[in-house]
Amino acid sequence: MKLAFIGLGAMGFPMARHLTKQHEVIVWNRTREKAERHAREHGSRLARDLAECAGAEVIITMLPTSKEVDEIVDQLTPHLRKGTLWIDATSGDPNVSRETAGRLAGKGVAFVDAPVTGATIGAENATLTIMVGGSGEDFARAEPILKIVGKTIIHVGPAGAGHAIKVLTNSIMGATVWITSECLLLAKQFGIDLKTALAVTNAGSGRSNASENLLPMRLVEGKWPLIFKLVHHDKDIRIATSIAHQQHASTPLLALTQNLFSAALHQLGDKADYIEVAKIIAEMNGTTWEAS
Ligand code: NDP
């Protein structure tokens with residue numbers, strides 16, 4: 001099958017690489033050098049231009065937000081063919097993706113939102129969890145392709161449902177990272193060794209992905225890799241709060257989490273990783289995570 005992959009960032013680059021093993025994949029990226037490298041090293045073919053992507057049977061986008069996806073949809077619309085399937089793997093805005101699905105349907109193009117979770121390691125190892133919004137028929141078309149890049153593929157509901165659950169689950173993670181960091185810092189300030197505090201947390205009811213995987217590397221080993229940009233995480237939590245707003249829901253902890261992450265983003269800047277919010281928590285308390 002001929003696939004077009006648009007957006008070779010931290011996630012898209014390895015995802016497109018897996019697809020080349022089973023399909024003919026053409027790649028396009030805003031910064032052309034990345035697409036050239038993908039074609040050179042990973043068996044894809046460099047698209048002549050963006051418009052060439054419209055000729056594929058399946059178009060996959062992996063971009064920062066729904067805004068960039070919409071810009072690409074606008075540019076490709078004159079070239080799109082009836083019967084094409086568009087898979088948007090971006091962590092996007094469910095309301096925007098519903099509109100996008102409607103616009104594409106007018107051209108006879110099917111749309112599913114298929115955001116992913118599992119971080120860059122999941123993209124590298126093709127073990128992502130993928131949550132899909134779209135009709136049953138479109139899901140059935142997308143599933144075999146998504147199985148090449150992911151391990152668990154879940155049909156969540158109609159168009160937009162994938163994007164909605166993605167930002168909600170990321171908000172759970174954000175709040176967990178924040179509270180876990182706060183309490184570990186308190187333990188440290190109380191004189192408890194961080195490794196010990198983590199060992200107890202992970203053997204007890206405070207255990208989470210944050211305490212088991214995300215925080216030990218940073219807080220104990222002092223390694224702060226850029227895995228998932230804070231700017232993307234902040235975007236996800238802001239979309240979650242917009243869903244709450246739309247539903248007239250009372251979600252004070254979600255609102256607080258959004259406020260904290262947005263404040264941290266202003267402090268840390270666009271290049272920070274999301275777990276660096278732990279540095280802000282230490283700063284708020286006039287200290288650092290380094291051993292004293
Ligand atoms: P990156 O910032 O690494 O990559 C973004 C990609 O989008 C790049 O290919 C970039 O091109 C392209 N891009 C940016 N702006 C534009 C534009 N205006 N027009 C066209 N292309 C553009 O992001 P990630 O790969 O980390 O994330 C992608 C999506 O996946 C996000 O929605 C994120 O929330 C989500 N996600 C990320 C995870 C992670 O751990 N990183 C985990 C799960 C989901 P260029 O190379 O030119 O900059």
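## Helices, cores and selected residues of a predicted model

Cys-183 counts as partly exposed, because its relative accessibility is 43%, which falls between the limits of 20% and 50%. The model described here is a predicted one. Another cysteine, Cys-53, has a relative accessibility of 0% and therefore counts as buried. A search of the whole structure finds zero disulfides.

Helix α7 covers residues 161–189. With 29 residues at 1.5 Å a residue, α7 should span 42 Å, and this agrees with its end C-alpha atoms, which are 42 Å apart. Just after this helix, Gly-191 takes a positive phi of about 100 degrees. Ala-164, which lies in α7, is in contact with Pro-94 and Ile-243 when neighbours within four places in sequence are left aside. Ala-164 and Leu-214 stand 50 residues apart along the chain, and their C-alpha atoms are separated by 23 Å.

Helix α8 runs through residues 194–202, and its buried residues are Leu-194, Ala-197 and Leu-198. Seen down the helix axis, these buried residues fall within an arc of 95 degrees, so they line one face of α8. An α-helix has 3.6 residues a turn, so residues three or four places apart point the same way. Lys-195 and Val-200, on the other side of α8, are exposed. The buried residues of α8 pack against two helices, α7 and α9, the latter formed by residues 209–220. At the N-terminal end, α8 is capped by Asp-193, which has a side-chain oxygen 3.2 Å from the backbone nitrogen of Lys-195.

In soluble globular proteins, nonpolar side chains tend to be buried together. Here the largest nonpolar core has 35 residues, and those with the most contacts inside it are Leu-184, Leu-230 and Trp-289. Helices α7, α8, α9, α10 (230–246), α11 (252–268) and α12 (277–284) each supply at least two residues of this core, and α7 gives the most, with eight residues. Not counting residues up to four places away in sequence, Trp-289 touches a set of residues including Leu-184, Leu-194, Leu-219, Trp-224 and Ala-282. Apart from the largest core lies another, of 32 residues, with Ala-16, Ala-110, Ala-123 and Leu-146 among them.

Ser-211 has its place in helix α9 and is buried, because its relative accessible area is 0%. The side chain of Ser-211 makes a polar contact of 2.6 Å with the side chain of Asn-202, and the side chain of Ser-211 also reaches the backbone nitrogen of Ser-208 at 2.9 Å. Beyond residues up to four places away in sequence, Ser-211 touches Thr-180, Leu-198, Thr-201, Asn-202, Gly-206 and Pro-216.

Most residues other than glycine have a negative phi, and most peptide bonds are trans. Ala-119 has a positive phi although it is a residue other than glycine, and Ala-126, which is not a glycine, has a positive phi as well. The table sets out their values.

| Residue | Phi | Place | Relative accessibility |
|---|---|---|---|
| Ala-119 | near 65 degrees | helix α5 (residues 119–125) | 32%, partly exposed |
| Ala-126 | about 55 degrees | loop between α5 and β8 (128–133) | 18%, buried |

Ala-126 counts as buried because its 18% is under the limit of 20%, whereas Ala-119, with 32%, is partly exposed.

Conventions:
Residues numbered from 1 in each chain as written. Predicted model: local features only at pLDDT ≥ 70, side-chain atom pairs only at ≥ 80, totals over all residues. Heavy atoms only, no water. Buried < 20%, exposed > 50% of the residue type's maximum accessible area, 1.4 Å probe, protein only. Helix = DSSP H or I, 4+ residues; strand = E, 2+ residues; numbered from the N terminus. Arc of directions from axis to C-beta. Contact = heavy atoms within 4.5 Å. Polar contact = N/O pair within 3.5 Å; in protein donor to acceptor, adjacent residues only side chain to side chain. Disulfide = S-S within 2.5 Å. Expected span 1.5 Å × (residues − 1). Core = buried A, V, L, I, M, F, W, Y, C linked by side-chain atoms within 4.5 Å.
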